[in-house]
Amino acid sequence: MAGLVPPGATAIPAEASKTAHTKAEEKTDYMNLPCPIPFEELQREALMSLKPETFEGLRFDFTKGLNQKFSLSHSVFMGPTEIPSQSAETIKIPTAHYEFGANFIDPNLMLIGRVLTDGRVNARVKWDLTDNLSLTNEPHMSHGMVNFDYKGKDYRSQFQMGNGALFGASYIQSVTPHLSLAGEVFWAGQHRKSGLGYAARYETDKMVAAGQVASTGMVALSYVQKVSEKVSLASDFMYNYMTRDVTASVGYDYILRQCRLRGKIDSNGCTTAYLEERLNMGLNFILSAEIDHSKKDYKFGFGLTVG
Amino acid sequence: MAAQPKRGGVSLPERRSAAKAESNILARITSSPLVSRGKQAACDAAFVSKKLLRSTGKAAWIAGTTFLILAVPLIIEMDREQQLNELELQQASLLGAPPTASVSK
């Protein structure tokens, strides 16, 4: 027990000095605020229940852990994929691809690689020092991105650099134990665009409300109510000032012992359901459905996840 | 009507006049504003009811499919969960021991 005291005693002055110069004007009551969640995950609860990854066709995922830290993944997908087109009707072509992935996950270092049969390569490196560095690489679309994250005691800041002269920075700070405020700046040199955004998130153990405004004209509000441990209800509202589109959606998220079921309906009449049924330990069966009556677009998919 | 002029005779004009009067009455009835208005109303009613039926059908279709997607899986899963719970309760009462195995599950 005596051996445990010195680390704590040394940690307190270090924290105190850190907080003292960052926010000296705050009251003593507000010295021990929880660390906020990363800026890009600001609306994660709402996104989790309202935006499940629906797919069309068949998918099969297999993950094999070779040892504690290293695992290989294989995944097969077959089914029609949408091609973006100018006309109102969606054009779909049947595709099939196989994806091979290798993951190395360690508390400090995370290496993830993905290769698709159509030639796409995706790599992610995440390296935790005190600051963490993450790199995403996609040669075909030539996407490269480096993030520098700094996690403070009650704030997080991030600096983003991408090719095409893309720069971004964001900062999120806990203001009260429940409320956190955030701001972001980005500049895309290739498109000569820049923007500024603000966000706020209010969180209690019963509900989460988040709002985001950006100078691109986007307003996004979301609200999640946790009815019980198993059930949460979510709603969100999106408004784009430039294009004048408004969408609102309402959804539920049930986490039961044998399955997880997510359903959503939005103001365009698009209905989505996503069911993950646990058949056995490490064997999940997925059913996905999405129907859009106005576009006459119906997507149904099923899949199996092993491992 | 085309055979009438061939017959000739005296009665023809009378008949003609009678037919004329009849057709006049019929014509008068058919061309009367009340009848034409009724006909119009019937046509409108048929049109509206057809449209109403079609839109009701469409609404029912949309509501039904939405229900099928959103609510049916939920009902089935809730039922399964309840059955599992009941089974567990039964097992617990039979064994008398706290169901440790089910907790880890």
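1. Chain B of this predicted model contains 5 helices and 0 strands. Read from the N terminus, the order of elements in chain B is α-α-α-α-α.

2. How much of chain B is buried? Of the 105 residues in chain B, 13% are buried. The area that chain B exposes is about 8800 Å², and 67% of that area comes from carbon and sulfur atoms.

3. In chain A, strand β1 covers residues 57-65 and strand β2 covers residues 70-83. The two pair in the antiparallel sense, with 8 bridges. They form a hairpin, and 4 residues lie between β1(A) and β2(A). Within this pairing, A:Asp61 stands opposite A:Ser75, a residue of β2(A).

4. Which strand pairs with β1 of chain A in the parallel sense? That strand is β19 of chain A, residues 297-306, and the pairing runs over 6 bridges. A:Leu58 has A:Phe302 of β19(A) opposite it.

5. A nonpolar patch of about 430 Å² lies on the surface of chain A. The residues that make this patch are A:Phe148, A:Phe159, A:Met161, A:Phe167 and A:Trp187.

6. One of these patch residues, A:Phe167, belongs to strand β9 of chain A, residues 166-174. Is A:Phe167 buried or exposed, or in between? The relative accessible area of A:Phe167 is 31%, so this residue counts as partly exposed. Patch residues need over 30% relative accessible area, and A:Phe167 has 31%.

Notes
Residues numbered from 1 in each chain as written. Chains lettered and ligands numbered in written order. Predicted model: local features only at pLDDT ≥ 70, side-chain atom pairs only at ≥ 80, totals over all residues. Heavy atoms only, no water. Buried < 20%, exposed > 50% of the residue type's maximum accessible area, 1.4 Å probe, protein only. Areas by Shrake-Rupley, 256 points an atom, 1.4 Å probe, with all protein chains shown as cover. Patch = residues over 30% accessible without salt bridge, like charges linked within 9 Å, V, L, I, M, F, W, Y side chains within 5 Å. Salt bridge = Lys/Arg side-chain N within 4 Å of Asp/Glu carboxyl O. Pairing = 2+ DSSP bridges.
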